[in-house]
Amino acid sequence: MMRYLAVLLFTVFFASSVFASHCPTLVHKIDEQLKMVQLDSTTETRIKKLRDQGESLHKQGKHAESVKVLNKAIDELDAAM
């Protein structure tokens, strides 16, 4: 039982660390893609809002949520390209 708990805690901690380092990479990717595309103002505003929300979630330590929001912004960018 104790071994199972230790493995579970390690997995949760490791997954959180992976997400934590992934967020800034996604923010950078969004920023770079925004420089290279022409979007209508509504789409650009929506993507920037998602980007900012993802960055805010990252700073709050909510890395899984941050990755989810940032990936949504990337998906919208890809669809607009």
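## Buried positions in helix α3

In this predicted model, helix α3 buries H63, S66, V67, V69, L70, A73, I74, E76 and L77. The helix covers residues 63–80, 18 residues in total. From first C-alpha to last, α3 reaches 26 Å. That is close to the 26 Å expected at 1.5 Å a residue.

One of the buried positions, E76, carries a carboxylate that takes part in a salt bridge. The relative accessible area of E76 is 19%, so E76 counts as buried because the cut-off is under 20%.

## The α2–α3 contact

The partner of E76 is R46. Their side chains meet in a salt bridge at 2.5 Å, N to O. R46 belongs to helix α2 and E76 to helix α3, so this pair ties together parts that are 30 residues apart in sequence.

The two ends differ in burial class. R46 is partly exposed, at 40% relative accessibility, whereas E76 is buried.

## The α1–α2 contact

A second pair joins helix α1 to helix α2. The side chains of D31 and R51 form a salt bridge, 2.7 Å from N to O. D31 sits in α1 (residues 2–36) and R51 in α2 (residues 41–59), so the bridge ties together parts that are 20 residues apart in sequence.

Here the arginine is the buried end: R51 has a relative accessible area of 12%. D31 is partly exposed, with 24% relative accessibility.

## Within helix α2

R51 has another acidic partner, E55. The side chains of E55 and R51 meet in a salt bridge of 2.8 Å, N to O. Both residues lie in α2. They are four residues apart, about one turn of the helix. E55 is partly exposed, with a relative accessible area of 26%.

## The salt-bridge network

R51 thus appears in two of the pairs described above, with D31 and with E55. These three residues belong to a network of salt bridges that also includes D52. Within that network, R51 is buried, while D31 and E55 are partly exposed.

Across the whole structure, a search finds six salt bridges. Among them are D31 with R51, R46 with E76 and E55 with R51. Helix α2 supplies R46 to the contact with α3 and R51 to the contact with α1.

How values were computed. Residues are numbered from 1 along each chain as its sequence is written. This is a predicted model: local features need pLDDT of at least 70, side-chain atom pairs count only at pLDDT 80 or more; totals for chains, interfaces and linings use all residues. Side-chain values use heavy atoms; hydrogens and water are left out. Helices (H or I, at least four residues) and strands (E, at least two) are DSSP runs, numbered from the N terminus. The expected span of a helix is 1.5 Å times one less than its number of residues. Buried means under 20% relative accessible area, exposed over 50%, partly exposed in between (1.4 Å probe, protein chains only). A salt bridge is a side-chain nitrogen of Lys or Arg within 4 Å of a carboxyl oxygen of Asp or Glu.
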